[in-house]
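Here are some notes for a colleague who is coming to this structure without prior acquaintance. They begin with how the elements are named and then turn to the overall picture and the salt bridges.

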Amino acid sequence: MARPRFPVSDADARMRRYLGEVASVDAALSQHLTPLLDEATTVIVTGDHGEALGDHGEQTHGLFAYEATLKVPLILVAPGVKPHIEPEFVRHIDIAPTILQRAGMNSPSDLPGQSLLGKVKPQDAYFESLSASLNRGWA
């Protein structure tokens, strides 16, 4: 029996499973959101972390703060918003000001974040993982 010329690695299998999950979620969202979309609907979809998919030898996420897990998907669909990839950092704290602007309301002056419906101003983002300290007793 002939062996495959390019055997499938564990990384390839993980990537196929991951892409299958992405396709499944995409199909489910499409089925439920399509009937709701009209000229007045705004949809924001995000996650709580990105995926490293085995980079740096980590099989999960949360122990270390690598860039792959810090880049979190955030999708905004709204009338007048052209599809694009935003080069600036956007953060979860930007979601509330975006929703308020879309609803025609002003953001309170003490509310952090910025609306994503206009030009996004460059902002720094801060992240700190306490997982190693709290769960493993590491300094």
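1. Helices and strands are here DSSP runs, of at least four residues for a helix (H or I) and at least two for a strand (E), and they are numbered from the N terminus. In this predicted model, the protein has four helices and two strands, and from the N terminus on these elements follow the order α-β-α-β-α-α.

2. The radius of gyration of the protein is 19 Å, well over the 14 Å that the globule rule gives for 139 residues, so the protein is more spread out than a compact globule. Along the principal axes, its C-alpha atoms fill a box of roughly 65 × 45 × 25 Å, and 15% of the 139 residues count as buried.

3. Two salt bridges are counted in the model. In one of them the side chains of K71 and E67 meet at 3.1 Å, N to O, and both K71 and E67 are exposed.

4. The other pairing to look at is that of R91 with D94, a salt bridge whose closest N and O atoms are 3.4 Å apart; here both R91 and D94 are buried.

5. D94 deserves a point to itself: it is placed in the loop between β2 (74-77) and α3 (95-102), and its relative accessible area is 0%, so it counts as buried. A polar atom of the D94 side chain lies 2.8 Å from the backbone nitrogen of Q114, and, leaving aside neighbours within four places in sequence, D94 is in contact with G113, Q114, S115 and L116.

Key:
Residues numbered from 1 in each chain as written. Predicted model: local features only at pLDDT ≥ 70, side-chain atom pairs only at ≥ 80, totals over all residues. Heavy atoms only, no water. Salt bridge = Lys/Arg side-chain N within 4 Å of Asp/Glu carboxyl O. Buried < 20%, exposed > 50% of the residue type's maximum accessible area, 1.4 Å probe, protein only. Polar contact = N/O pair within 3.5 Å; in protein donor to acceptor, adjacent residues only side chain to side chain. Contact = heavy atoms within 4.5 Å. Rg over C-alpha atoms; globule rule 2.2 N^0.38 Å.
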